[in-house]
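Morning, everyone. Let me walk you through one model today. Please have a look at it first.

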Amino acid sequence: MLSNVMELDHPLALSQGLLTALGVHQSLHFCDRIPTASSSILVVSNHRSILDAPLLMTGLNRPVRFACHHYMSQVPLMRELVTTMGGFPLAAAGQRPTTFLRQAHQFLQRQQAVGIFPEGALPMVQSTQPQQLTTFQRGFAHLALRAPVDPLVILPVAIAATDEISHSAFPLKLLSWFDPSEPLFDQPGWHPFVLYRQVSLLIGHPIQITAAHRHQYRGQQAGTLASELTDQCRTSIADLLQHGCY
């Protein structure tokens with residue numbers, strides 16, 4: 001039992017150490033909205049930096065099993081780092097997410113936190129402003145509505161950088177060698193690397209997934225309900241970003 005607890009806490013300790021080593025100054029707002037540590041939660045956030053997962057774990061003060069892009073499971077060293085940090089890969093583009101969904105549901109059933117970045121890889125490969133949001137994909141909403149977990153909470157969180165530096169890390173086409181299924185990598189230019197210096201985490205109001213939600217999640221209503229949940233989370237994060245970036 002002790003070894004299981006230590007293994008679970010390892011990503012949190014690594015996250016705290018990494019942010020300290022990089023000199024990242026983080027502030028937390030509306031922390032009273034964070035569910036208890038024993039809750040099953042699906043953390044949903046904007047995404048511009050590889051530091052986002054460590055930031056969210058540190059802010060929530062608990063390990064989070066983050067969904068990572070498929071290519072991260074194909075690159076040596078990065079694959080091992082992601083696994084150590086508790087990440088698990090999404091399916092490759094064009095493949096059914098059966099394995100990913102099964103893993104996510106298992107984590108939630110164990111009262112763990114699962115993290116999803118609904119913008120996908122787009123804001124990671126294109127330079128964006130701290131307050132800017134791209135389109136949210138609906139996959140996280142379907143995941144929550146299908147999860148055999150009760151109670152389950154979706155927690156929107158905004159990462160609002162007020163001081164950062166950005167570098168060009170490596171050519172985007174390099175990633176195509178590891179994941180040719182991702183069209184975003186098949187273009188000229190460089191992958192940006194955003195390093196936060198001062199950043200705020202703003203916690204949104206938790207969204208409880210209820211029996212009524214699951215009752216509605218059938219037939220033609222399923223897509224509509226997933227879209228409504230997606231829009232609700234995106235609006236919450238957008239409002240928090242406007243509050244935190246100025």
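Let's start with helix H6. H6 covers residues 139-146, and it is mostly covered. Six of its eight residues are buried. Which ones? They are Phe140, Ala141, His142, Leu143, Ala144 and Leu145. Keep in mind that this is a predicted model.

Next, helix H2, residues 52-60. How many of its nine residues are buried? Eight of the nine, so H2 is largely enclosed by the rest of the structure. The buried set begins with Asp52, Ala53 and Pro54. It goes on with Leu55, Leu56 and Met57, and it ends with Gly59 and Leu60. What follows H2? Asn61 does, and its phi is positive, near 60°.

Now the aromatic rings. A ring pair is described by two things: the distance of the centres and the angle of the planes. The count here comes to three aromatic pairs. Take Phe66 and Phe117. Their ring centres are 5.3 Å apart and their planes are at 10°. Planes under 30 degrees apart count as stacked, so this pair is stacked.

Where do these two rings sit in the chain? Phe66 lies in strand S3, residues 64-68. Phe117 lies in the loop between strand S5 (113-116) and helix H5 (122-125). The two parts are 51 residues apart in sequence, so the pair ties them together.

Are these two rings buried or exposed? The cut-off for buried is under 20% relative accessible area. Phe66 has 5% relative accessibility, so Phe66 counts as buried. Phe117 has 12%, so Phe117 counts as buried too.

On to another pair: Phe88 and Phe100. This one is also stacked, at 5.0 Å centre to centre, with 15° between the planes. Phe88 belongs to strand S4, residues 88-89. Phe100 belongs to helix H4, residues 98-109. The two are 12 residues apart, and the pair links distant parts of the chain. Both Phe88 and Phe100 are buried. There is a further member here: ring pairs link Phe88, Phe100 and Phe107 into a cluster.

Last topic: charges over rings. Look at Phe30. Arg33 lies over the face of that ring, at 4.3 Å from the ring centre. Then find Phe136. Which residue has its charged end over that ring? Arg234 does, 6.0 Å from the centre of the Phe136 ring.

That's the tour. Over to you for questions.

Note on methods. Residues numbered from 1 in each chain as written. Predicted model: local features only at pLDDT ≥ 70, side-chain atom pairs only at ≥ 80, totals over all residues. Heavy atoms only, no water. Buried < 20%, exposed > 50% of the residue type's maximum accessible area, 1.4 Å probe, protein only. Helix = DSSP H or I, 4+ residues; strand = E, 2+ residues; numbered from the N terminus. Phe/Tyr/Trp six-rings, centres within 6.5 Å; stacked < 30°, edge-to-face > 60°. Lys NZ or Arg CZ within 6 Å of the ring centre and 35° of its normal.
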